[in-house]
Amino acid sequence: MEEKDIEICREIVKTIFKNVETLLKNQVGNPRAGEFVKIGADGTPTSYIDIIAENEVIKILENSDFTSYLISEEIGELKLGCGKQKAINLTEELTKKEKDDEVKFIFLIDPLDGTSNAIKNIPSFGMSIAVAEIPNNREATLDDVVLGFVKDYANGNYYEAIKGQGATINGEPLKPSNETEIDKITLGGFTKSNTDSVSKLVDTARRMRVLGSVVLELAYVASGKYDTFFDFRGSRIIDIAASKLIVEESGAIVTNRYGEKLNNKLSIYEKTVVVAAGNPKLHKKIIKIINNDDLDEIKSVGIVSRVDEYKSILFSLKIFETLLNKDIDLIIESSLANELNKLKNNPDLDNIVKDTMQATPEIAYYLNELNWDFDFKKYAVDLKDFNTDLAIILGGDGTLLRTQNQMKKQIPIFGINMGTVGFLTEIEVENTFKALDNILEGNCYKENRTQIMVSHENNTFRALNEVVIMTARPAKMLHYEISVDGEVIEELRSDGLIIATPSGSTAYSMSAGGPILDPKVPGFIIIPICPYKLGVRPFVVSNESEIRIKLLKRGKKAIYVMDGQLEKEVNYMEELIFKKSEKEVEFIRLNNKYFYKKVTDKLTEGGINIINRVL
């Protein structure tokens with residue numbers, strides 16, 4: 001933005017701040033100021049004091065000698081200036097073929113942030129004005145914001161930021177905090193229900209403030225009054241547009257909850273979770289805590305692999321050798337250790353390696369010059385005795401399911417796809433060593449997946465994907481009753497029944513016609529397989545519910561299978577009881593936006609594109 005345009009904006013912003021402050025003096029602490037007027041354009045209640053502030057903003061911009069776009073809390077989106085005013089949709093205006101070249105700026109204004117505080121004369125309320133440049137034939141985003149102004153009406157502080165030129169408070173440079181220890185920080189923030197992941201952060205922080213003004217509290221991060229601030233409710237873009245720029249230009253950092261840059265579109269409806277901190281080191285710690293990713297340093301690793309193909313066995317050795325050189329304590333699953341020892345002593349080893357390299361060019365480089373100078377039996381440990389910081393699993397989904405089922409201790413899992421689809425695995429094999437470097441450096445995410453627990457008689461079992469109930473004899477139908485939380489929802493006959501978790505929604509459940517559930521959805525899917533009844537459809541029920549399945553046909557035994565691994569028998573009038581398991585499965589992820597990409601990549605063509613060099 002040119003210097004003359006910056007000065008134009010500065011002058012009009014100062015006029016707005018001054019006029020609104022004058023009007024508010026008679027309203028602060030006045031009960032009438034809090035009277036409900038209407039629902040604002042953003043869908044939230046509007047008070048009399050909000051209308052007073054916003055009307056003054058509109059009047060000043062409407063009577064200016066230039067035309068601008070305005071996004072404001074109560075009125076919505078306008079085009080105004082030179083004595084005119086018109087309601088618009090900003091994105092449509094910016095992307096239409098015929099442009100209005102007279103429009104100079106986009107103003108994003110929260111006329112009064114901390115309305116409730118102002119009504120009750122609590123000294124934490126202010127005003128925010130951001131100015132964005134007009135983009136060329138696209139929607140406007142936070143990246144287009146070049147000026148940010150915030151006025152703290154309670155104490156008179158004036159914050160200003162110019163993109164690329166720094167940020168000031170009352171003309172003096174802002175200095176954010178350099179504190180990096182969680183137990184010493186001052187934290188400001190807003191939570192919402194079911195945000196248990198922040199409890200550790202709140203409990204560990206030295207002190208916490210909730211002042212009721214996102215605009216000011218973000219600015220406090222820039223000034224060092226706060227070490228960190230977060231809003232888990234989702235802040236409106238009009239609230240944070242100016243403060244975000246002020247934070248960034250001060251040298252502090254503000255992102256979404258995953259540590260990703262904020263670049264939302266400029267709209268009255270747009271919201272985002274906000275996490276800000278005075279310095280990158282503190283911010284990284286906070287991001288890990290609120291995403292439940294605060295993994296301890298990885299000092300020990302267990303390696304598991306499918307043992308029915310050479311490429312997995314050979315590649316596991318390369319991983320073993322690489323991690324050993326990084327001073328990681330290593331163990332190897334017993335059957336893999338046995339296969340490595342067999343291969344080591346196989347007189348045809350050189351040909352096996354050569355053939356495998358030709359069959360799998362994507363990993364051929366890594367199989368060249370493998371080091372076999374190890375006694376693998378010394379590293380062998382049964383799965384049930386694994387007790388490491390991380391378990392690396394080479395194989396497909398079947399290998400992963402089988403492994404996590406047999407491990408007694410809850411160990412974070414990192415899956416490397418050596419199978420066909422590999423929906424639960426994290427990466428394809430060729431990306432292994434870059435991924436391992438990221439994990440060891442802490443650049444990863446921990447994701448917890450729900451398991452389902454099935455109880456039968458005095459036994460309990462767990463499944464990550466699904467439990468399938470079917471007749472013990474092929475081509476026969478089951479007759480059963482389904483109840484949820486004590487209420488019978490169906491009695492029917494079918495070839496079988498699937499009770500699936502969100503993880504299992506992309507497996508057998510999907511093939512049987514069930515919906516795909518995002519892993520974050522707290523539910524279970526009930527799917528009859530080929531039901532002999534019109535109108536029967538899958539059910540999605542809360543994972544806090546108790547599901548009961550009762551066999552109703554005398555003389556017909558059934559079996560139930562957990563994750564395709566464990567099979568048990570159930571008889572006439574016996575019940576299977578399904579609940580959410582207290583034990584979750586922990587996965588290590590490199591990207592928090594992996595799920596829908598996996599759905600597209602893995603399920604479009606069935607994922608069958610791998611040629612194995614089998615034993």
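In this predicted model, Lys79 finds its bridge partner in β5, and that partner is Lys86. The pair belongs to an antiparallel match between β4 and β5 that is held by 4 bridges. Just 2 residues separate these strands in their hairpin, and Cys82 there adopts a positive phi near 55°. On the β3 side, β4 (residues 76-81) is again antiparallel to its neighbour, with 5 bridges tying it to β3 (residues 67-72). One of the matched pairs sets Ile71 against Glu77, the latter sitting in β4.

Zooming out, these strands belong to an open sheet of 9 strands with mixed pairing, ordered β5-β4-β3-β6-β7-β8-β9-β10-β11. The edges go to β5 (84-87) and β11 (172-173); each has a single partner strand, so one side of each has no neighbour in the sheet. Helix α1 (residues 3-24) packs on this sheet and makes contact with β6 (103-113), β7 (126-132), β8 (145-152) and β9 (158-162), its direction lying at about 25° to that of β6. Helix α6 (residues 214-223) packs here too, touching β6, β7, β8 and β9, and its direction makes about 105° with that of β8.

A further open sheet is built from 5 strands in the order β13-β12-β14-β16-β15, and its pairing is mixed. Here β13 (207-209) and β15 (253-255) take the edge positions, and since each has a single partner strand, one side of each is left without a neighbour in the sheet. From one strand to the next, the twist averages 20°. At the β15 edge, 3 bridges connect that strand to β16 (residues 271-277), and the two run antiparallel. Val254 stands opposite Ala276 of β16 in this stretch.

Helix α6 turns up again on this sheet, where it packs against β12 (186-190), β13, β14 (228-236), β15 and β16. Its direction makes about 150° with that of β14. So α6 has contacts with both sheets, touching strands β6 to β9 of one and β12 to β16 of the other, with its angle given as about 105° to β8 and about 150° to β14. Helix α7 (residues 237-250) lies across β14, β15 and β16, and it runs at about 150° to β14.

The β15 and β16 region also meets His283, a residue of helix α8 (residues 280-290). The relative accessible area of His283 is 4%, so this residue counts as buried, the cut-off being under 20%. Leaving aside residues up to four places away in sequence, His283 touches Ile253, Thr255, Gly259, Val275, Ala276 and Ala277. Ala276, one of these contacts, is the residue that stands opposite Val254.

As for the chain as a whole, the protein contains 15 helices and 35 strands. Its C-alpha trace spans about 85 × 60 × 55 Å along the principal axes. Of the 615 residues, 55% are buried. Among contacts between residues at least 6 apart in sequence, 67% join residues at least 24 apart. The chain exposes about 27,700 Å², with carbon and sulfur atoms supplying 45% of that area. On the charge side, there are 78 positive and 93 negative side chains, and the centres of the two sets lie 3 Å apart.

Terms used. Residues numbered from 1 in each chain as written. Predicted model: local features only at pLDDT ≥ 70, side-chain atom pairs only at ≥ 80, totals over all residues. Heavy atoms only, no water. Pairing = 2+ DSSP bridges. Contact = heavy atoms within 4.5 Å. Axes fitted to C-alpha atoms, helices over the stretch in contact; angles between N-to-C directions. Buried < 20%, exposed > 50% of the residue type's maximum accessible area, 1.4 Å probe, protein only. Areas by Shrake-Rupley, 256 points an atom, 1.4 Å probe, with all protein chains shown as cover. Lys, Arg positive; Asp, Glu negative; His and termini not counted. Charge placed at Lys NZ, Arg CZ, Asp CG, Glu CD.
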